[in-house]
Every structure is written in C-alpha cells, then in structure tokens.
Amino acid sequence: MAPLNPSSALPSSWTFYRRILATTTQLFLPTTLFNTLAFHSAFIPRPANILPLSTLLTNQRQKFHPFAAVVDPTKSSSFSMSSSTSVSTHPTPPIPRREEDRVIYAGIPPPSLHWDATKHPRQAVDSPHPLLNPPIPIPDPYGWLRDDSRTNPEILDYLKRENEYSQAVTSHLGSVREGIYKEFLNSLQETDYSTPRSRGRYWYYTRTFEGKSYTAYCRAPKKSNSGGDGEDGTDDGDTAVLPKIEWDGSKETPILPEEEIYLDVNELAIDKTYCSVGSVLPSPSHEYIAYTVDYSGDEKYELHVRNLKSGVDVALQVLDTNNGESGECVENVLLEVTDSIEWGRDDNTLYYMTMDEQQRPFRLYQRRNWNASSGTNESAVDTLLKEELDELYWCDVSKSLDGQYIFMDMATKETSEVWFLATEEEEMVSSSKEENMKCIAQRRNKVLYEVEHAQNRWYIWTNVDNSPNMKLMSCPAVPDSADQWTLLLDSNEEPLFDGSLDTKTFKALESVLVLKNHVVISGREEGVPRVWVYDVNGKGMRRLEFEEEDYDVGLLGHYEANATCKILSSSFSICRCFDSCFPVRSSSDSFDGL
C-alpha cells in the first residue's frame, strides 16, 4: 500500500493534522480505524516542535479509554503547542484498580474451596451435560466492585467519581434533557385518577397531581344503599354500583364524596433520595393498611402498618426468637421483606416473605399479634410456614379472591408449584408441625400452573401434557389434586380452552379471574385480544364486544369474589384509553358498559 501524501490532495496538510487530533479527542474510534489513522499520520508533514500524530493519537486513546493508564501529553517535556492548536481539556474518567489474581470457576467446585455442590450447581438441574471437571478459572479482576451491603468506602467513592464524571461529560446536554422531559409531560394528564373499585365498605382508587412525583392512595365510603359491608366477598356485592363521577379536573376537587387520602407517597418521599412503594393493602376491617416501601433502591422493603383512625404508623421489626417463635422486637432492626404481603383472616395476622443472599424470595412467614406491646400478655409471633431452597425457584405470596386461602407460589420459567393454607386454620400453625401448608400439585418438569379458588373448587390454568397453549381446568379443593384435574366444559360439553392449536377457534388463554359464580377470562382469538365471561352454573360463555374495530383490552385488579361487575381497561388505537365496567350477573344478561 502506497504511503498517503495528503499534501497533494489537501490545501493544508497541517489543517488535516489538527482535524484528526480534534476528532479523536471527541470519539471512541474502532481499533482498525484507529490503527489505520495512526499508520498514515506518520507521513503527514508537521511543524518541527510537534509530536508525531501517531504518538498523540495513542496518548489521546489511552486518556479516554476507561481501563488504560492515563497519559497527559501536555505534561511531556518534548510537547509544545500554541494556544491556537492546544488539545481540548476533558474530564478524566475514574479508573478502577484490577485484581489480576482474582478468578471465578466454571465447573465442578474445587475441593480446596469446600463449596457445597448442591447449593452452587451453576447449571440447570435437568441439563444432560456434565459440569466441567476440572473447573476452568475465569479472570474476574473487577469482582471486588460487588458489595451487596453497599457499605464499602472504596466502592462508594469510586461510584461517586463515576457519577461526577458522567455529569461532567454530559453537562452540555442539560437543555436537551429538559426538553425531552417537558415533551413527555405534555403528553400526560398529570392530575388524574384510576377507576374506583369496590372493596368492602369503600371505593378504592389512586390519584396523581400535577407537579408531584408520586401516587396518592384514596378511598371513599359507599352510599348506604350500595351494600358492601364486609370483606373478601362476604358483603352484599350484588348491590355495589359505581356512582357517576362528576369531577372538574382540578387537584382540589374530590373524585367521590367524602374522599380520604389514606397514604400519600409524596409525604413518604420527603427528604428521601429514593422511594418506591410495593404493596398497599387495607386490613379486613378497613381500620389499618399494611404497605411495603423501599428507600434505598436495593429492592429490600420495610413493612409498615398504619392505623387509619389515629394515623399511627408502625414499622415492623425483627423479633428476638431465641426462646421460640414469639419474642420482643429487636430495637432499631427493621424487618426486610419483599414487596408482596397479605393480611390473614383478621387484622391480627400478616404474611410476608424474606429473601436469601441472592435477594431471591424463598421463605414465607406468618406474624401474629404484630401490634403486641410489652404492656400486654400477648407477644408477637413469627412462624416459618414454608421455604424453597432450590435457587432456581422464585417465590411469592398471594391470597385467594374469596379470602379463604393463602397461597405460596414457587416457579421457574418452565416449572411451578403452589402450596396453600386455609385462613380458618391460621391460628393453628406452629413451627413444631412438619408441614403447615399443603401442596395443590407436586412440581413436574416443564409443567406450569396457576390456581384460584371458588365454591370449594380449584380453578387451574396450566400447560400440563405439553400443551402449546394454556388449558382451563378445575377440580375439588383438596391437596395433591393433580390426578383430578379436568377441563372446564361449556353447555355443549366442549372444553372452553383445551390448550391446543385448534384451527377452528384459534383461542388462547392468558389470564383468569374467578368470581363466586363466574369466571372472567382474558386471551386472544384469531390474534385479537378478547375477554369472555363464563357462567359456572349455566355453563354458558359469552364474549364481550366493543364498537371499535381495532383495540386492546385487559383486566384490571379486582377485590371481591361476590361482586357482579368486573372492571376492564380498554386501550384503543384511535388514542382513546378508558376503563369500563361490565355486569356479569348471568349468562343471559347483556354486557353493555355501565
């Protein structure tokens, strides 16, 4: 390849020299392009007092490479440049140190390290491939930067310098960021509310306000003729009808009469650098709320209970259980839980989950007498109900819509298992029992299933028997019921959803809501999002219809098993988005929105 002679192609080779240097100061060049520039730069004429461009290119590349030693050409004794041709000064990125002898192993754990091979398999349980033996060491020079406790001063200092560097090199983008943020805000209705939903004696909903970053949780009492005096489906939900909302769009005007803001996250976030609320749950009597909140961003939540009459807010603490299940709270040691919690049968019992070292939810606890004080004869009691030691399984706690069962769901991407505890038996749980919970169906490889309960039956949607889509099945509400699962049938004794790729119907099930006498199903038919309502007694199933030709539709959260209405969220392609309420009293009723 002939040497480049820029003097024959450019009016000024020194101008070309300066432009290359300025460009490489701003850009991270690919290695091949960088090497080419460095090679050809050797043939560019330059003033006698200037270093070769190849040398300056190398120095600039080292200066802006995050893992290279910093070389500052301005401090070189042989470097001289007039102010008109000086290199632009830029912030220097922090360079983390390397621990060259640090490694991690891939394969069978080395015997010298005394690892527990069952605890660290580093491979799928059902993989046909053996682990590497001997293990291969993989360099991990920056592994020291991991600190789950977030307390290492060296790491915190390095992260601070990283943030300062990022802010410095992007400071010129401030107006762009502000413009994008304002553009997002212009597309949102900041002062807004969610559709009120029936829950016992109240309508529950959330509100957002212009200029505030967080949600406010609200409720309003039902009118005397609206029913709903109880909780978990025990109230007269058939008479609960969402009242007409007359709202002028202002912050000050309530959505419903006698509106009460029972949890304002904006107040929780005052003087906090981070605030994220997980679950917010009213107690069965509606006199308390339990909520989880993360103030650090590490997804470890505090568990709080607030008395809605007095306003007293209690952060639950770790119990000193050296002498058994019960004990006094350990002072200043807050309970660390996941974002999922549930109330028990009454206001006295809470269910929560804790995490292992990898922050995987794996233990389900019941806490009774959570509000016990030293001045009473009762003590708070923590009971471990169930734990999942297989690190492949992620766990969660939930409650059946009718309030009769607490579920612990364990699942990987391909396999799941569900355990249950009847709430009427929650006072009889004890750590001395071998099993406080019972299994609905033992895990089977690559079998997924989810469960809901109504009228003494399990309703199950599953891919059992290798079905390509989910089946809708049911069986009596008993433990170890896998051999009793049967497909849910319509009035013609045809399966509602058999999980097949039937070319006649093209129906696929996605989610299920089980009410006392109805099953509401969300899925797709011929690729179009659909919602069906199945009458358990009459075995009739009807599909909800919409005026729009193109739309998306899905189910919102629901709180009452006895209710006759289900709230649906419909988002349409013509840029309309609203929530609708549909009656589902019987298979013969119409499904016109209220």
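**Entry 1: the core.** I began with the largest nonpolar core, which has 32 residues, and I noted that those with the most contacts inside it are L364, F407, I440, Y449, V451, W458 and W485. I then looked up which elements give two or more residues to this core, and I found β15 (349-355), β18 (394-399), β19, β20, β22 (449-454), β23 (457-462) and β24 (471-476). I reminded myself that in soluble globular proteins nonpolar side chains tend to be buried together. I also wrote down that this is a predicted model, to be kept in mind through all the entries below.

**Entry 2: W485.** Which residues is W485 in contact with, leaving aside its neighbours within four places in sequence? I found A441, R444, Y449, I460, T462, V464, M473, S474 and C475. One of these, Y449, is listed with W485 among the residues with the most contacts inside the core.

**Entry 3: strand β20.** I turned next to β20, which covers residues 416-422, and asked how many of its residues are buried. I found that 7 of its 7 residues are buried, and I therefore took each of them to have under 20% relative accessible area. I then looked at which way the residues point, and I saw that S416, V418, F420 and A422 point one way from β20, while E417, W419 and L421 point the other way. Both sets are buried, including E417.

**Entry 4: the partners of β20.** I followed β20 to strand β19 (residues 405-411), and I found that 7 bridges join the two, which run antiparallel. The connection between β19 and β20 is a hairpin through 4 residues, and I noted that the bridge partner of A411 in β20 is S416. I then looked up strand β21 (residues 438-439), which is joined to β20 by 2 bridges and also runs antiparallel to β20. Here the bridge partner of W419 is C439 in β21.

**Entry 5: cysteines.** I looked for disulfides and the count came to 0. I also checked two cysteines for burial: C218 counts as buried because its relative accessibility is 0%, and C275 counts as buried because its relative accessibility, at 7%, is under the 20% cut-off.

**Entry 6: the whole chain.** I closed with the chain, whose secondary structure comes to 6 helices and 32 strands. Buried residues make up 41% of its 594 residues. Among contacts between residues at least 6 apart in sequence, I found that 49% join residues at least 24 apart. The chain exposes about 32,900 Å², and carbon and sulfur atoms supply 49% of that area.

Technical notes
Residues numbered from 1 in each chain as written. Predicted model: local features only at pLDDT ≥ 70, side-chain atom pairs only at ≥ 80, totals over all residues. Heavy atoms only, no water. Buried < 20%, exposed > 50% of the residue type's maximum accessible area, 1.4 Å probe, protein only. Pairing = 2+ DSSP bridges. Core = buried A, V, L, I, M, F, W, Y, C linked by side-chain atoms within 4.5 Å. Contact = heavy atoms within 4.5 Å. Disulfide = S-S within 2.5 Å. Areas by Shrake-Rupley, 256 points an atom, 1.4 Å probe, with all protein chains shown as cover.
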